[in-house]
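Here is a short round of questions on how the terms are earned. Each answer sets a value against a cut-off.

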Amino acid sequence: MNVFESKGAFSKFIEFLLTAAFGVERCVRCGLSFSITPLCENCALELQKYVPLKSPLRCKKCGKLLLSESGLCMECREREGESSLDALFPLHSYRQWKKELAFAWKSEGQRRLSPLFARLLFMAVKELGLEKTPIVPVPPRPGKIKEKGWDQVDELSKILRKKHGLLVRDDILLRKSSGQQKKLSRDERLGAAGAVYDLRPEFRNLERFQDIPTEAVLLDDIVTTGATMEKCAWLLKSAGVQKVYGLALFRVG
């Protein structure tokens with residue numbers, strides 16, 4: 001073994017000890033700094049940088065970054081007038097190191113990232129001027145919290161309520177099915193979402209409509225096709241909400 005191989009082995013051994021003893025690990029973005037979360041302090045600041053949510057560089061309907069289009073992306077042009085969402089605001093694209101970060105949070109249970117993500121969402125709500133608009137989280141599949149001990153969107157909602165003082169309405173929507181939709185196309189997801197999400201029974205009673213807000217911000221962690229947001233927005237509007245905005249940390253595509 002040469003000197004460099006020896007140093008590499010020693011470095012990996014130290015990294016193993018730090019991770020095992022203190023939960024310290026290398027930053028998923030820079031790979032250089034060590035941190036108690038998958039993101040070091042400098043890269044956490046980098047995560048706060050994104051194209052402003054109402055920038056003309058974004059599609060004004062789905063929030064995607066525009067290439068050669070203006071105003072609306074091609075997908076939204078083709079579906080113009082069909083959506084129940086008044087606007088969708090994803091902060092980041094689900095790719096490269098941000099995809100790794102989301103994986104560490106969702107799949108590896110790195111819950112130490114939750115306060116950082118919640119703060120990003122809070123700053124986005126302020127940017128949009130929606131601080132007084134109720135947050136309506138997309139509900140988790142039945143049994144998920146009991147099975148895994150937590151749900152990402154539920155945790156974000158609790159932090160937004162307790163730490164940042166936002167009004168969270170988790171009493172309007174419910175999820176009936178425990179099935180996952182990861183491998184479905186957008187059309188398949190739209191069809192499946194109709195059977196998965198619904199209003200809570202009490203909000204089917206017209207007497208409860210007076211308790212429905214006039215505006216709402218639908219909250220999800222990752223938007224893939226937009227079918228879930230679309231179905232939930234339709235349900236909210238069927239219950240009397242006049243404007244529904246979608247907010248998400250990441251957008252696939």
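Q: Why is T225 called buried?
A: T225 has a relative accessible area of 14%. Buried means under 20%, exposed over 50%, partly exposed in between (1.4 Å probe, protein chains only). So T225, at 14%, counts as buried. This is a predicted model: local features need pLDDT of at least 70, side-chain atom pairs pLDDT 80 or more, while totals for chains, interfaces and linings use all residues. Residues are numbered from 1 along each chain as its sequence is written, and side-chain values use heavy atoms, without hydrogens and water.

Q: What makes the T225 side chain and the backbone nitrogen of A227 a polar contact?
A: The distance is 3.2 Å. A polar contact is a pair of N or O atoms within 3.5 Å, one able to donate a hydrogen and the other to accept it; residues adjacent in sequence count only if both atoms are side-chain atoms. T225 sits in the loop between strand 7 and helix 9 (227–238). Helices (H or I, at least four residues) and strands (E, at least two) are DSSP runs, numbered from the N terminus.

Q: How do you know that strand 3 pairs with strand 8?
A: Six bridges join them, and they run parallel. Two strands pair if DSSP finds at least two bridges between them, so six bridges qualify. F89 has L247 of strand 8 as its bridge partner.

Q: What makes strand 3 (87–93) and strand 4 (135–137) edge strands?
A: The open sheet has the order 3-8-7-4. Each of these two strands pairs on one side only.
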